[in-house]
Amino acid sequence: MKYFLVVLLFGLTACQVKPTKVTVQEPVMGENVTAEQLIKGKTVILDARPAFEFNLAHVPGSINVRWEDFSQQNPKSRGLLQNDLFAIARRLSLVGVDPSTPVVVLGKGAQGAGEEGRVAWTLKVLGVKNVYTLVHTSYREMNTNPNREAPQVQNKPYWKPEVAENLDTPLKVFKAEVTQNEKSVIVLDVRSGQEYSLRNLSTEKTVKAPVVNIEWRDFFDDKGLPSKKIERALYEKNIAKDSRILVVSNHGVRSGAVVYALNYLGYKKATNFAGGYEQWK
């Protein structure tokens, strides 16, 4: 497990078969879920916190990852996923993840920057069906069996990503939608109010779509799970479950987390502009 990042950096050569395209389907899950319910079976636990925090304390058997492990290195578009999604899938298979594997992604919740949600979004884009986010401390508190033996990581056979393209929108498509479809789309800016006040897309002359600001933290509860309470705030902003929602942040991390949460809550037309303001400018 401690070699995971090394494995990420030195994955095998990409397969050239075109990934399958699917529409994402989110599993149904009750509001009173416990950690024990999440870790039934062969669940893989990923921890998206910084490495030094992970090394100080972590859930036994969890694997430290960073959202950057799956993203491009271009400083102008850090939020974009790597072009070779097969390489990401192969790396995940080495830590026991395939499309049918239940995965819990731990993070810092409101104290972080949406890293665990971004990792969860990445997994959903690749077609991993059962993905959940939790705050690291909440998981430890919820776990009624803290001495549970850490499961051994077992590699999975290499698998072909079933790409949920509806979760990710490239710059060209994003520009076309926000400049031409004035009433059919909504831009959801999930940065802080301060960031929004300094600069947002509503000030761009070419942008015709309405722009709404709701901070990303409001989409998750104290445990780190998507919160149904956000549905009222969205309704008050005229955002319905069948609305076309283009979610944006600085470089696709917080917006990725929100798209994960929105799809989890039934907003199936929500998509992440992963390039964010960093690529827009």
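**Figure 1. Strands β2 and β4 run side by side.** In this predicted model, strand β2 (residues 44-47) and strand β4 (residues 103-107) are parallel and are joined by four bridges. To find one matching pair, start at Asp47: its bridge partner in β4 is Leu106. Then look for helix α5 (residues 115-125), which packs on the sheet and touches β2, β4 and β5. The direction of α5 makes about 155 degrees with that of β4.

**Figure 2. The open sheet that holds β2 and β4.** Zoom out a little and you can read off four strands in the order β3-β2-β4-β5, paired in parallel. Which strands stand at the edges? They are β3 (63-64) and β5 (131-135), and each has a single partner strand, so one side of each is left without a neighbour in the sheet.

**Figure 3. Strand β4, covered on both faces.** Here's a strand that is mostly covered: five of the five residues in β4 are buried. In a regular strand, side chains alternate between the two faces of the sheet. With that in mind, sort the residues of β4 by side: Val103, Val105 and Gly107 are on one, Val104 and Leu106 are on the other, and all are buried. On to the pairing with β5: the two strands run parallel and five bridges join them. One pair to pick out is Val105 with its bridge partner in β5, Thr133. How does the chain cross from β4 to β5? It passes through α5, making a β-α-β crossover that is right-handed.

**Figure 4. Ser100, out in a loop.** Just follow the loop between α4 (85-93) and β4 and you'll come to Ser100. Is Ser100 buried or exposed? Its relative accessible area is 52%, and the cut-off for exposed is over 50%, so Ser100 counts as exposed. The side chain of Ser100 also makes a polar contact, at 3.0 Å, with the side chain of Asp98. Now find Lys129: in sequence Ser100 and Lys129 are 29 residues apart, while in space their C-alpha atoms are 6.1 Å apart.

**Figure 5. Another open sheet, further along the chain.** This one also has four strands with parallel pairing, and their order is β8-β7-β9-β10. At its edges are β8 (211-213) and β10 (270-272), each pairing on one side only. Going from one strand to the next, the twist averages 30 degrees. Take a closer look at β7 (residues 185-189) and β8, which pair in the parallel sense over three bridges. Within that pairing, Val187 stands opposite Val211 of β8. Helix α7 (residues 171-180) packs on this sheet, where it touches β7 and β9 (244-248). The direction of α7 makes about 120 degrees with that of β9.

**Figure 6. Ser192, tucked into a loop.** The loop to look for runs between β7 and α8 (193-198), and Ser192 is found there. Is this residue buried or exposed? With a relative accessible area of 17%, Ser192 is buried. Which residues is Ser192 in contact with, leaving aside neighbours within four places in sequence? Look for Asn213, Glu215 and Arg254.

**Figure 7. A salt bridge between a helix and a strand.** Glu177 and Arg244 form this one, and their closest N and O atoms are 2.6 Å apart. Why does the pair tie together parts of the chain that are 67 residues apart in sequence? Because Glu177 lies in helix α7 and Arg244 in strand β9. Glu177 counts as buried at 11% relative accessibility, whereas Arg244, at 23%, counts as partly exposed.

**Figure 8. Two more salt bridges to look for.** The model has a count of 13 salt bridges, and here are another two of them. In one, the side chains of Asp69 and Arg66 meet at 3.3 Å, N to O. Asp69 is buried, with a relative accessible area of 8%, while Arg66 is partly exposed at 38%. In the other, the side chains of Lys228 and Glu231 meet at 3.2 Å, N to O. Lys228 is partly exposed, with a relative accessible area of 42%, and Glu231 counts as buried at 19%. There's a little more to find here: salt bridges with shared partners join Lys228, Glu231 and Lys241 into one network.

Key. Residues numbered from 1 in each chain as written. Predicted model: local features only at pLDDT ≥ 70, side-chain atom pairs only at ≥ 80, totals over all residues. Heavy atoms only, no water. Pairing = 2+ DSSP bridges. Contact = heavy atoms within 4.5 Å. Axes fitted to C-alpha atoms, helices over the stretch in contact; angles between N-to-C directions. Buried < 20%, exposed > 50% of the residue type's maximum accessible area, 1.4 Å probe, protein only. Polar contact = N/O pair within 3.5 Å; in protein donor to acceptor, adjacent residues only side chain to side chain. Right-handed = clockwise from strand over helix to strand, strands pointing away. Salt bridge = Lys/Arg side-chain N within 4 Å of Asp/Glu carboxyl O.
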